[in-house]
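The exercises below ask you to read a protein model step by step, with the sequence and the coordinates open beside the text. Try each task before turning to its solution.

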Amino acid sequence: MATNRTFTMIKPDGVENGHIGGILSMITEAGFRIVSLKLTQLTTADAQAFYAVHSARPFYGELVEFMTRGPIVAAILEKENAVEDFRTLIGSTNPADAAEGTIRKKYAKSVGENAVHGSDSDENAAIESAFHFAGREQF
Ligand code: ABT
Ligand code: MG
């Protein structure tokens, strides 16, 4: 299978709770290569656009507040079957349902603050990656 790429964020809760190192370790131990990496922070407009698909949902306001309240780690990752395999590695959106051995099982506290993001399609991976990283920041 061809190597491809996905985009991830360690969300504000993961950064606040000191889990950058632990989460990056799980990612590299699972065979993902880090293509791009930085600490950054989403603006309100960034978070609203990122989660526009949820704009009519009751949790949207809290979600935007959460995602903008502190720094995040943004990264591009490369591996065979990257998008699907990374969604498997992070586990279910609600950590209560996340399988043993997943990042959310280990580091996430709730569905609203679930430690890590993984792109849900190749198309979104490309859009999210290009939003955060210029070509010369992708190795
Ligand atoms: P993201 O990686 O943040 O996109 O999460 P995931 O794809 O696993 O899940 P989706 B459905 O995209 O959730 C987006 C964010 O909305 C939060 N959420 C979701 C709630 O707070 N309550 C809900 O009932 C649902 C369905 C979880 C995700 N963000 N966080 N943290
Ligand atoms: Mg999602």
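**Exercise 1. Describe the overall build of the protein chain, beginning with the range of its contacts.**

Solution. Residues 24 or more positions apart account for 71% of the contacts in the protein chain that have a separation of 6 or more. Keep in mind throughout that the model is predicted.

Next, count the elements: the protein chain has seven helices and four strands, and their order along the sequence is β-α-α-β-α-α-β-α-α-β-α. The radius of gyration is 14 Å, close to the 14 Å that the globule rule gives for 139 residues, so the protein chain is as compact as a globular protein of that length. Along the principal axes, the C-alpha atoms fill a box of roughly 40 × 35 × 25 Å, and buried residues make up 34% of the 139 residues.

Finally, turn to the record: in an unreviewed entry, UniProt places the feature "domain: Nucleoside diphosphate kinase-like" at residues 3–137. Over residues 3–137 the chain is 41% helix and 21% strand, and the end C-alpha atoms lie 19 Å apart.

**Exercise 2. List the residues that surround ligand 1 and sort them by class.**

Solution. Walking along the sequence, one finds Lys 11, His 54, Phe 59, Leu 63, Thr 93, Val 111, Gly 112, Glu 113, Asn 114, His 117, Gly 118 and Asp 120 around ligand 1. Sorted by class, this shell has three nonpolar, six polar and three charged residues.

The next step is a comparison with the record, where the unreviewed UniProt entry lists Lys 11, Phe 59, Arg 87, Thr 93, Arg 104 and Asn 114 under "binding site". Lys 11, Phe 59, Thr 93 and Asn 114 appear both in that list and in the shell around ligand 1.

**Exercise 3. Where is His 117 found, and is His 117 buried or exposed?**

Solution. The annotation "active site" in the unreviewed UniProt entry covers His 117, a residue found in strand β4, which spans residues 116–118. His 117 counts as buried because 20 C-beta neighbours lie inside 10 Å, and the cut-off for a buried residue is 20 or more. Leaving aside neighbours within four places in sequence, His 117 is in contact with Thr 8, Met 9 and Lys 11.

**Exercise 4. Compare the surroundings of Arg 104 and Asn 114, both listed under "binding site" in the UniProt record.**

Solution. Begin with location: Arg 104 sits in helix α6 (residues 103–107), whereas Asn 114 belongs to the loop between α6 and β4. Both are buried, Arg 104 because it has 24 C-beta neighbours inside 10 Å and Asn 114 because 23 other C-beta atoms lie within 10 Å.

Then look at contacts beyond four places in sequence. For Arg 104 these include Ile 90, Gly 91, Ser 92 and Asn 114, while Asn 114 is in contact with Lys 11, Thr 93, Pro 95, Arg 104 and Ala 108. Arg 104 and Asn 114 are thus in contact with each other.

Ala 115 is placed in the loop between α6 and β4. Ala 115 has a positive phi of about 75° although it is not a glycine, and it is buried, with 27 other C-beta atoms within 10 Å.

**Exercise 5. Which residues of helix α7 are buried, and what covers them?**

Solution. In helix α7 (residues 122–132) the buried residues are Ala 125, Glu 128 and Ser 129. They cover an arc of only 100° around the axis, which puts them on the same side of α7. This agrees with a general rule: an α-helix has 3.6 residues a turn, so residues three or four places apart point the same way.

On the face turned away from the buried side, α7 carries the exposed residues Glu 123 and Phe 131. The cover over the buried residues includes β1 (3–10), β3 (72–80) and α5 (82–90).

To follow one part of that cover, take Ile 76, which is found in strand β3 and counts as buried because it has 26 C-beta neighbours inside 10 Å. Not counting residues up to four places away in sequence, Ile 76 touches Arg 5, Phe 7, Val 35, Ser 36, Ser 129, Phe 133 and Gln 138; among them is Ser 129, one of the buried residues of α7.

Notes. Residues numbered from 1 in each chain as written. Chains lettered and ligands numbered in written order. Predicted model: local features only at pLDDT ≥ 70, side-chain atom pairs only at ≥ 80, totals over all residues. Near = placed C-beta within 6 Å. Nonpolar A, V, L, I, M, F, W, Y, C, P; charged D, E, K, R; others polar. Buried ≥ 20, exposed ≤ 12 C-beta atoms within 10 Å, placed from the backbone. Helix = DSSP H or I, 4+ residues; strand = E, 2+ residues; numbered from the N terminus. Arc of directions from axis to C-beta. Contact = placed C-beta atoms within 7 Å. UniProt positions renumbered as here; feature names shortened; annotations may be inferred. Rg over C-alpha atoms; globule rule 2.2 N^0.38 Å.
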